Amino acid sequence: MTNLNLSDEWNGILLKLKKWARINSPWAIHYNSGSCNGCDIEILATLTPRYDAERLGVKLQGSPRHADVLICTGPVTLQSRDRLRRIYEQMPDPKFVVAVGSCAISGGVFQGCYNVVGHIDEVIPVDAYVPGCPPRPEAIIDGLVKLLTALKQGDPPPTERPTELELENYDAATI
Amino acid sequence: MTAVISPKKEKFIIPIGPQHPALKEPGHFEFAVDGEIVTEATVRLGYVHRGIEKGAEARNWTQNLYLVERICGICSHIHALTYALGVEVLAEVEVPPRAQAIRVLVAELERIHSHLLWFGVAAHEAGFDTLFMYSWRDRETIMDILEALTGNRVNYSANVLGGVKFDISDEQRKVILDGLDFLEKRTHHYLDVATSDGMFLQRTRGIGITRLQDAQRLGIVGPTARASGVMRDVRVDAPYAAYDMFPINIVVETAGDLEARFVVRLKELFESFRLVREILDNLPPGDLQAKRFPRRIKPGEVISRVEAPRGEVFYYIRSNGSDMPERVKVRTPTLCNMASVLSLAVGHHLADMPMLLVGIDPCFSCNDRGVSICSSQGEHGRWTWERLRQFGIDYYANKV
Ligand code: SF4
C-alpha cells in the first residue's frame, strides 16, 4: 500500500483502518507440521459451537495468501519444514504466528527423533506460544486474544525474520 | 488450487496438499483429470513422519508409553493400550480384570469420540457444515466425560504398564450414563439424517463402491472393510483386554459405498453405548494395577493387535533384556486403507475426492511411518533396509 503515493494523513488513516480490521477479524490458517493430531482437533474444537472462536472474528480459512495468523502445531519434521517456511512466506505482511502445543514450543515428546528438525521458532519467528499437550480450546482462544490485545495496544510482538543467509546456514547445518 | 500441465503426456494434473482447505492434515495428492473425471491418482505421504519407532528405541519402557500415545491424538488410548498389552505379555505380568475393564471402557469412549469427530468432518467435506457443527457440539459431551475420568481431553494417559491410573466413582458413573443417554438420542437422529437426507445421500449413496473381493484383496481394515461386508474385527476375532468378558457384535453392511460407511460407524456407536453401560454395571472388583512391574524385561518378542476406531492397530515389540525395547514396529489402519482411496479415485469426479478420502477416516499422523514402497517406476527413491539402517547409524554417530 505504501506505493500508492498517498499523503501522510491518508496513509495514517489507512493504517488505522487496516489495524482495526486486522484486530477485529483475524483470519487464520492452520498448518500441521508434524503434530500428533491432538492439537489439531483441539483447534478444530475451538471453532465449533461450544467454544466458537468465530464470535471473536477468528475465521479459519484455506489459503495462506488470505491469512493474518498462522497457527502451527507439532514439531517441524524434515519433510514439512520447507512447506512451513513457504506457507509463512506466502502470507501477506504483517503476519503473526501462534505456536500451539508443547511440540510446537519445544519439540515435546518427539525431541531427538531423527526426522524432527525442532520446534517452530527454529524455522519461522513465533509471536505467541500456547503450551499444553494439547492445550485446551480455552487456552488456544486465550493465546489468540493475547496476540490481538498486544496488537491493539500498538506493540506488535517483534517479528524478525531470519535473513536469507541465516536460512542458508540453517539448511547447511541441519541436512 | 494450482494446476500444472505436463507438456509431455498432455495430462492435466491437480496437486492437492500438503496444505489445502480440503485436508486437515498434511498429505500430498496428485490427481490426473480428464475434464471432471479423475484418471490417475497418486499420494505422497510422510509429511508428519517423525521417526517415532526409532525414537522408541532410545526411551525406556515406561517413557515409551507416553511416546506411543502421541502417535495419534485421536486414538491415543488405543496406541498406549496396544503397547501396554504387548509389553505386559513380554514381562509376564498379569493385569487385574478391573483394570482391563476400565481400559475397554476408555477405549469405547474414545471410539465414540472418534466416530463423532469423523462424522462431523465427513459432513463438512460433503458441504453440510450444519451437521458438522452439531456433531462436534455433541462430541463435547464425550470430551467432558473423558476429561472427568482421566484429567485430559486428548492423550488421556489412562494406562500404566500393568494396569490403569484411575478408578470410576459413582458420580462419574452417573455422569457417563447421562451423557450416553443424550448421545444415543442424537445418534438416532444422525443415523436418520445420514440415511434419509436427499442432499446428503447424493454425496454418499453409490459413491466409492468397494466390493467384498476388492476389500479383501486390498487388505482394507476397520469400519471401511465392514461396510463392504468383511467380517473382521479384532475385538471379536482375537479378544484382548476385557473383550472376552464383554463381547461386542460386529456391525456389517454389504453395500460398500460411502453411505454404508456412515451407517457402519454410526451403528457402531450404539454398540459402544451398550458396551460402556454393560461395563459400568458389571465392573469386576479388584486392584487397578499389578503389584510390581519389572524395569528390565527379559528378551523376547510379541505381537499385539487392537481394534482402533479406524481398524486394526498392530504392534510388534522386541526386547533384548534391557530397560528399553530393541524394536517397536507399528502398523496403523490408515495405511492399509489408503490403497483403497487411490484405486477408488479413478473414474470418480474430482469433487468426490475429499469424500472418498474421509470415507476411510484417514489419520495422517498415524499413517506416516516408514514403509517400503515398491515403486512401479523401478528403484527410484527406494531405500533398502541396509541403506536405511546405515543412514541411521551415521546420523546418530555424527550427531554425538
Ligand atoms: S503438543 Fe501433544 S497433543 Fe499437541 S501435537 Fe504435540 S504431542 Fe500432540
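**Exercise 1.** Which residue in E8(B) does B:Glu307 stand opposite?

*Solution.* The model is a predicted one, in which local features need pLDDT of at least 70 and side-chain atom pairs count only at pLDDT 80 or more, while totals for chains, interfaces and linings use all residues. Residues are numbered from 1 along each chain as its sequence is written, chains are lettered from A and ligands numbered from 1 in the order in which they are written, and side-chain values use heavy atoms, with hydrogens and water left out.

Step 1. Strands (E, at least two residues) and helices (H or I, at least four) are DSSP runs numbered from the N terminus. Strand E7 of chain B covers residues 300-308, and strand E8 of chain B covers residues 311-319.

Step 2. Two strands pair if DSSP finds at least two bridges between them. E7(B) and E8(B) run antiparallel and are joined by 9 bridges.

Step 3. The residue opposite B:Glu307 is B:Glu312 in E8(B). Likewise, B:Val302 has B:Ile317 as its bridge partner in E8(B).

**Exercise 2.** Determine the strand order of the sheet that contains E8(B), and describe its surroundings.

*Solution.* Step 1. Besides E7(B), strand E8(B) pairs with strand E9 (residues 325-331) of chain B, in the antiparallel sense and over 6 bridges. Within E9(B), B:Val330 stands opposite B:Tyr315.

Step 2. The 3 strands form an open, antiparallel sheet in the order E7-E8-E9 of chain B. E7 and E9 of chain B are the edge strands, each pairing on one side only. On average, neighbouring strands are turned by 15° against each other, direction ignored.

Step 3. The connections are hairpins: 2 residues lie between E7(B) and E8(B), and 5 residues lie between E8(B) and E9(B), where B:Gly321 takes a positive phi near 95°.

Step 4. Helix H2 (residues 61-69) of chain B packs on the sheet and touches E8 and E9 of chain B, its direction making about 155° with that of E8(B). Contact means heavy atoms within 4.5 Å.

Step 5. Buried means under 20% relative accessible area, exposed over 50%, and partly exposed in between (1.4 Å probe, protein chains only). Of the 9 residues of E8(B), 7 are buried, so this strand is largely enclosed by the rest of the structure.

**Exercise 3.** Describe how helices H4 and H11 of chain B pack.

*Solution.* Step 1. Axes are lines fitted to C-alpha atoms, for helices over the stretch in contact, and angles run from 0 to 180 degrees between N-to-C directions. The axes of H4(B) (residues 97-125) and H11(B) (residues 258-281) are 9 Å apart and make an angle of about 155°.

Step 2. That angle makes H4(B) roughly antiparallel to H11(B), since angles under 35 degrees count as roughly parallel, over 145 as roughly antiparallel, 65 to 115 as roughly perpendicular and the rest as oblique.

Step 3. The residues that meet include B:Leu105, B:Ile112 and B:Phe119 in H4(B), and B:Phe262, B:Leu269 and B:Val276 in H11(B).

**Exercise 4.** Is B:Gly179 buried or exposed?

*Solution.* Step 1. B:Gly179 is found in helix H6 (residues 170-196) of chain B. Its relative accessible area is 6%, so B:Gly179 is buried.

Step 2. Not counting residues up to four places away in sequence, B:Gly179 touches B:Thr141 and B:Ile145.

Step 3. B:Gly179 and B:Phe273 are 94 residues apart along the chain, and their C-alpha atoms are separated by 10.0 Å.
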